[in-house]
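Me: I'm just starting out with protein structures. Could you pick a single part of this one and take a close look at it with me, step by step?

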Amino acid sequence: MEKNTKIYIAGHRGMVGSAIWRALEAKGYTHLVGKTSKELDLRNKQAVESFFDEEKPDVVIDAAARVGGILANNNYPYQFLMENMQIQNNLIDSSLSADVQKFIFLGSSCIYPKLAPQPLKEEYLLTGPLEPTNEWYAIAKITGVKACEAIRKQFGKDYISLMPTNLYGPYDNFDLNTSHVLPAMIRKFHDSKIKGLETGVTEPVEVWGSGTPMREFLFVEDLADAVVFALENQFQDNLYNVGTGVDLTIKDLAELIQKIVGHTGEIIWDSSKPDGTPRKLMDVSKMTDAGWKAKVGLEEGIRRTYDWFLENQETFKQVKI
C-alpha cells in the first residue's frame with residue numbers, strides 16, 4: 001500500500017474512525033479523506049454516489065454506524081436496523097460502482113448467535129438466533145458482511161470484514177442512555193464519586209443486570225492497528241474476528257473501573273434489567289495466524305480512557321436519539 005493512496009474513512013470523527021485516522025497518519029499515510037455527517041449524509045444514496053464520483057478514493061474503511069448499548073437498541077430498533085443498512089449499503093454499492101479495490105467493513109461481535117459455542121468462531125455466523133436486545137443492529141451488520149463477501153466472490157475485489165469485540169477508548173460515547181457498558185460505568189462511578197465529594201456522603205452506583213455475564217473488551221487503538229494491518233496485507237478469507245481472546249465478568253469489570261476511578265461506595269446490581277448475551281468471547285486465532293494480536297491490556301486501556309474522559313469532560317461525546 002503506497003503512502004499516498006487515497007483512503008476514505010467513513011465515520012472519521014467517531015471513536016473508531018478517529019483512532020484509525022491517527023493510526024494511518026502515524027504510519028505516514030498522507031492522503032486521508034473524511035467528511036462529517038453534516039458535510040455528507042451517508043444515509044442519502046445520491047449524496048454518497050456524488051461524493052464517490054468527485055473524490056474517487058482508492059480504499060474505503062467503513063467505520064460509520066448508528067451505535068448504542070442495550071437500552072438504545074431496545075428502544076430504537078427501527079433506527080438501528082434501517083440507518084445502519086442505509087449507511088453501509090450506500091458505501092459498499094458506491095465503492096463497487098467506483099471500482100474501489102479495497103474495502104474494510106467494520107462490524108461487531110453481536111452478529112453471532114446468542115447461544116453460540118464459546119469462543120466465537122467466524123463460521124458460527126447464521127447458525128442460530130441472535131440476542132434479542134441487539135438483533136436489529138446485528139442483522140444490519142450481517143447484511144454488510146454478506147454484501148462484502150458477495151462482492152469478493154462475484155467480482156474478485158479485496159473486500160473484507162473485521163468483527164471487533166466490545167470497544168472502548170478516547171472519544172467514546174458517555175451518554176448514560178445510549179452508551180455501552182464500559183463507558184457508562186466510567187461515567188456512573190465518576191459522577192457518583194464527585195457527588196460524594198461535594199456532599200460528604202458516599203454514593204452507591206446502580207448497574208444493570210446480575211453482573212454474571214462475561215465480556216471481552218478491546219482498546220480502540222488496538223482495533224485501529226488491526227485495520228492498518230488489514231490494509232497493508234492480503235487476507236485469505238472475508239471475515240476475521242478482532243479481539244484480545246480474554247474476557248471477564250461484568251462484576252469484575254465494575255470493580256476494576258471503580259478502583260481506577262476512585263469510587264468507594266456500594267455497587268447495587270439491578271437484576272430486573274437484562275443481562276444480554278451470557279458470554280461473548282471471540283476466537284481470534286485467524287487474526288493471530290495472519291500475524292496480528294492486541295497489545296493494550298484492559299487495566300491500562302481503562303486508565304487511558306478515564307484520563308481522556310477527565311481531560312474532555314466539557315466536550316465528551318453524548319449520543320442522543
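Reply: Sure, and let's settle the labels before anything else: helices (H or I, at least four residues) and strands (E, at least two) are runs assigned by DSSP, and they are numbered from the N terminus. What you see is a predicted model, in which local features need pLDDT of at least 70 and side-chain atom pairs count only at pLDDT 80 or more, while totals for chains, interfaces and linings use all residues. Residues are numbered from 1 along each chain as its sequence is written, and side-chain values use heavy atoms, with hydrogens and water left out.

The part I'd pick is a sheet and what packs around that sheet. Strands of a sheet pair through backbone hydrogen bonds, either parallel or antiparallel. Here, two strands are said to pair if DSSP finds at least two bridges between them. With that rule, 6 strands make an open sheet with parallel pairing, and their order is β2-β1-β3-β4-β5-β10. Which strands stand at the edges? They are β2 (32-33) and β10 (239-242), and each has a single partner strand, so one side of each has no neighbour in the sheet.

Let's start at the β2 end. β1 (residues 7-10) pairs with β2 in the parallel sense, over 2 bridges, and Y8 sits opposite V33 of β2. Keep Y8 in mind, as that name will come back. At the other end, 4 bridges join β5 and β10, again in the parallel sense, with L162 opposite Y240 in β10.

Is β10 covered on its faces, or bare? Buried means under 20% relative accessible area, exposed means over 50%, and partly exposed is in between (1.4 Å probe, protein chains only). By that yardstick both faces of β10 are covered: L239 and N241 on one side are buried, as are Y240 and V242 on the other.

Now for the helices. Contact means heavy atoms within 4.5 Å; axes are lines fitted to C-alpha atoms (for helices, over the stretch in contact), and angles run from 0 to 180 degrees between N-to-C directions. Helix α4 (residues 77-97) lies across β1, β3 (59-62), β4 (102-106) and β5 (158-164), at about 170° to β4. Helix α7 (residues 220-232) also packs on the sheet and touches β1, β3, β4, β5 and β10, with its direction at about 155° to that of β4.

What fills the space between these pieces? A nonpolar core is a set of buried Ala, Val, Leu, Ile, Met, Phe, Trp, Tyr and Cys residues joined through side-chain atoms within 4.5 Å. The largest such core has 37 residues, and here's Y8 again: Y8, L42, F52, L91, F103, Y112 and M163 touch the most other members. The elements giving two or more residues to this core are β1, α2 (45-55), α4, β4, α5 (135-155) and β5. Which of them gives the largest share? That's α5, with 6 residues. There is also a second, separate core of 33 residues, which includes A23, Y29, V59 and I160.

F52 deserves a zoom. Leaving out residues up to four places away in sequence, F52 touches Y8, P57, V60, L91, S94, S95, A98 and V100. F52 also has a ring partner. Rings of Phe, Tyr and Trp (its six-membered ring) pair if their centres lie within 6.5 Å; planes under 30 degrees apart count as stacked, over 60 as edge-to-face and the rest as tilted. By this rule the count comes to 12 aromatic pairs. F51 and F52 make an edge-to-face pair, because their ring centres are 5.6 Å apart and their planes are at 90°. Both of these residues are buried. F229 and F235 form a tilted pair instead, 5.9 Å centre to centre with 50° between the planes, and F229 and F235 are both buried too.

One last stop, just before β4. Most residues other than glycine have a negative phi, and most peptide bonds are trans. D99 isn't a glycine, yet its phi is positive, about 60°. You'll find D99 in the loop between α4 and β4, where D99 is partly exposed, with a relative accessible area of 48%. Past β4, in the loop between β4 and α5, comes P119, which is joined to Q118 by a cis peptide bond with omega about -5°.
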